Amino acid sequence: MVNGGYSRETGNQVLEKGAADMVAFGSLFIANPYLPLHFKMDAELNVPDQTTYYGGDEKGYTDYPFLKEEIG
């Protein structure tokens with residue numbers, strides 16, 4: 001497993017090369033709770049705001065915009 005700044009494209013490249021079996025997406029998941037659906041739909045991603053990480057309240061964890069497309 002690899003982690004650290006991968007995008008959908010770079011993550012897929014690593015998997016295709018056989019350099020890893022999995023790619024972890026930490027900060028992208030914080031900003032995009034439906035990250036696999038975003039990837040599947042090729043939807044625009046929210047940009048993670050690192051200034052809000054581990055700040056002690058909900059800012060940065062529950063206030064990112066929702067995926068605008070209908071789920072289902």
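A colleague asks a modeller how the terms used for this predicted model are justified.

Modeller: This is a predicted model, in which local features need pLDDT of at least 70, side-chain atom pairs count only at pLDDT 80 or more, and totals for chains, interfaces and linings use all residues. Residues are numbered from 1 along each chain as its sequence is written, and side-chain values use heavy atoms, with hydrogens and water left out.

Colleague: What makes up the pattern of the protein chain, in helices and strands?

Modeller: The protein chain has three helices and two strands, in the order β-α-β-α-α along the sequence. Helices (H or I, at least four residues) and strands (E, at least two) are DSSP runs, numbered from the N terminus.

Colleague: Why are phenylalanine 25 and phenylalanine 39 called an aromatic pair, and why edge-to-face?

Modeller: Rings of Phe, Tyr and Trp (its six-membered ring) pair if their centres lie within 6.5 Å; planes under 30 degrees apart count as stacked, over 60 as edge-to-face and the rest as tilted. The centres of phenylalanine 25 and phenylalanine 39 are 5.3 Å apart and their planes are at 80°, so the pair passes the distance limit and is edge-to-face. A search of the whole structure finds one aromatic pair.

Colleague: Where in the chain do the two rings of the pair lie?

Modeller: Phenylalanine 25 is in the loop between β2 (23–24) and α2 (26–31), and phenylalanine 39 is in helix α3 (residues 35–41). The two are 14 residues apart, and the pair links distant parts of the chain.

Colleague: How do you know whether phenylalanine 25 is buried or exposed?

Modeller: Buried means under 20% relative accessible area, exposed over 50%, partly exposed in between (1.4 Å probe, protein chains only). Phenylalanine 25 has 15% relative accessibility, so it counts as buried. Phenylalanine 39 is also at 15% and counts as buried.

Colleague: Which residues make up the largest nonpolar core?

Modeller: Such a core is a set of buried Ala, Val, Leu, Ile, Met, Phe, Trp, Tyr and Cys residues joined through side-chain atoms within 4.5 Å. The largest one has eight residues: Val2, Val14, Ala20, Val23, Phe25, Leu28, Leu35 and Phe39.

Colleague: Why is the link between aspartate 42 and arginine 8 called a salt bridge?

Modeller: A salt bridge is a side-chain nitrogen of Lys or Arg within 4 Å of a carboxyl oxygen of Asp or Glu. In the pair of aspartate 42 and arginine 8, the closest N and O atoms are 3.0 Å apart, so the limit is met. Aspartate 42 lies in the segment after α3 and arginine 8 in helix α1 (residues 8–17), so the pair ties together parts that are 34 residues apart in sequence.

Colleague: What makes aspartate 42 exposed, and what is arginine 8?

Modeller: Aspartate 42 has a relative accessible area of 57%, and so is exposed. Arginine 8, with 28%, is partly exposed. Aspartate 42 also has a positive phi of about 55° although it is not a glycine.

Colleague: Where is asparagine 32, and how do you know whether it is buried or exposed?

Modeller: Asparagine 32 is in the loop between α2 and α3. Its relative accessibility is 0%, so it counts as buried. Not counting residues up to four places away in sequence, asparagine 32 touches His38, Leu45 and Asn46, where contact means heavy atoms within 4.5 Å.
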